[in-house]
Amino acid sequence: MTVQTESAHRKDQQADGPVLEAEGIRKAFGALTVLNGVSLSLARGEVVALIGPSGSGKSTFIRCLNMLETPTAGAIRFMGRPVGRRFRDEPGATGIGTLRRRVGMVFQHFNLFPHKTVLENVTEGPRIVLGLDATAADAIARDILAQVGLAEKEQAYPSHLSGGQKQRVAIARALAMRPDVLLLDEVTSALDPELVGEVLTVIRRLANGGMTMVIVTHEMAFAADIADRVLFLEHGVVCAEGSPQDVLINPQNDRVKAFVSRFNQ
Amino acid sequence: MYKWDFSIVTQYWDLFLYGLWITTLYTVGSIILGVLIGMMTCGARLSGWKSLNFIARVYQETFRCSPLLVQLLWFYYAFPLLVGITIDNHVAAMLTLSLYVGSFYAEIFRGGIVSIEKGQREAAAAIGMSTAQAMRRIIMPQAAKRMLPAFINQSVIQFKNTSLVSVISVSDLAYMAAVVNGQTYRPLESYTVMALLYIAVLFPLTQVADWIERRLRASD
């Protein structure tokens, strides 16, 4: 009884605080500093769009959020707990394994597993990482594949799918882990223009469903439409931050103005 | 006009068969040991540990950049003087063959693993897999497919390479053909039978290898 109350109490605390935080993230590759102190606090259900010119560090930053890149300095906190440098959980720190289990990622180039069917791509995480049995994992995967409109493709191999279908499988693969946060790294940049819409539709539906997301994108109109907050990065620092209205539609900052105007032509 | 007479040679059929058996034994033995050595060397190369990587490279380049015949002679005649113990010719032969093929296998294994796109590792990591899980479930199944043709090819070469152990008196097929020649003074027949036996074993193997390669390419 006490245990239950305690855990319920802890849950409430978590629900109030940020889900994922990055504080003063610095990342250098040799002499090249890509990120120079970027911070972000992500509330539950919030959609944050990261925009900026190429080379501004937005992809590096989103990859620091699930520790695919190890920050040179700065801290990542998940559910209020610092994330350590080890895969396993430690007394004072959440492990990278736990972080990645609960923070999904979708990549620009899909990175589907070519030797596995669509269904196997989606069940891989639930089976191997979460330890579910085949029946349970298949049920989750079929449910999610139906949500992204690919129920009839479950036995296909990735090489037989269009770019848009591949990206929707990749989203399904991330969703199958039932993540608390979804990181989307330029997920429409590698797609033919006519296939962008089907992927954006899926993302929009996730946003409306309350999924917490960080989105790196060049789709300004889309970012303005679904994001609660926009961060503009340039040269590894946040130049402007605020609502889509403030950052994208009525930019005050000259650099942002110049950048955004190029997309409005 | 030379008069062929295989009947003289075929009297010694049992010697040829024994030689073929020894050749097969050395091939299979050195392939098994070579795979183990190759896996360890490949692991050392990819460990990200500089000194381990260096040792593995020195071993690999030493064995890849010197002729097998030279290695056999060195291990049988020179190495024992260096360490002050006698080494049985069978041990020297098996050891050298294994180390030799292992250095090539290591490169085949390493090449297959590093040829898998970085995105595969990252996608596996992003769903929470450990490095070991990603290796076993995602990287290795794809890498193995790419390694297989080169692996089979190297193993076929290994079967031929074992003929060199005859120079340190291991009674393989090449050695036994020389023995039969010594008994019969019929080099043409003795060495022709030897050559045909090598071809009889290897031709079907190369056909299987080609077939596997075609099938793998079709499944891409």
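Three short exercises with worked solutions follow.

This is a predicted model, where local features need pLDDT of at least 70, side-chain atom pairs count only at pLDDT 80 or more, and totals for chains, interfaces and linings use all residues. Residues are numbered from 1 along each chain as its sequence is written, chains are lettered from A and ligands numbered from 1 in the order in which they are written, and side-chain values use heavy atoms, without hydrogens and water.

**Exercise 1.** Find the edge strands of the open sheet in chain A.

Solution. Start with the strand order: β2-β1-β4-β5, with antiparallel pairing. Strands are DSSP runs of E, at least two residues, and helices are runs of H or I, at least four, numbered from the N terminus. Two strands pair if DSSP finds at least two bridges between them. The edges are β2 (32–42) and β5 (81–82) of chain A, each pairing on one side only.

**Exercise 2.** Work out what the salt bridge of Glu46(A) ties together.

Solution. A salt bridge puts a side-chain nitrogen of Lys or Arg within 4 Å of a carboxyl oxygen of Asp or Glu. The partner is Arg229(A), with closest N and O atoms 2.8 Å apart. Glu46(A) sits in the loop between β2 and β3, and Arg229(A) in strand β9, so the pair ties together parts 183 residues apart in sequence.

**Exercise 3.** Decide whether Glu122(B) is buried or exposed.

Solution. Buried means under 20% relative accessible area, exposed over 50%, partly exposed in between (1.4 Å probe, protein chains only). Glu122(B) has 12%, so Glu122(B) is buried. Its salt-bridge partner is Lys118(B). Lys118(B) has 59% and is exposed.
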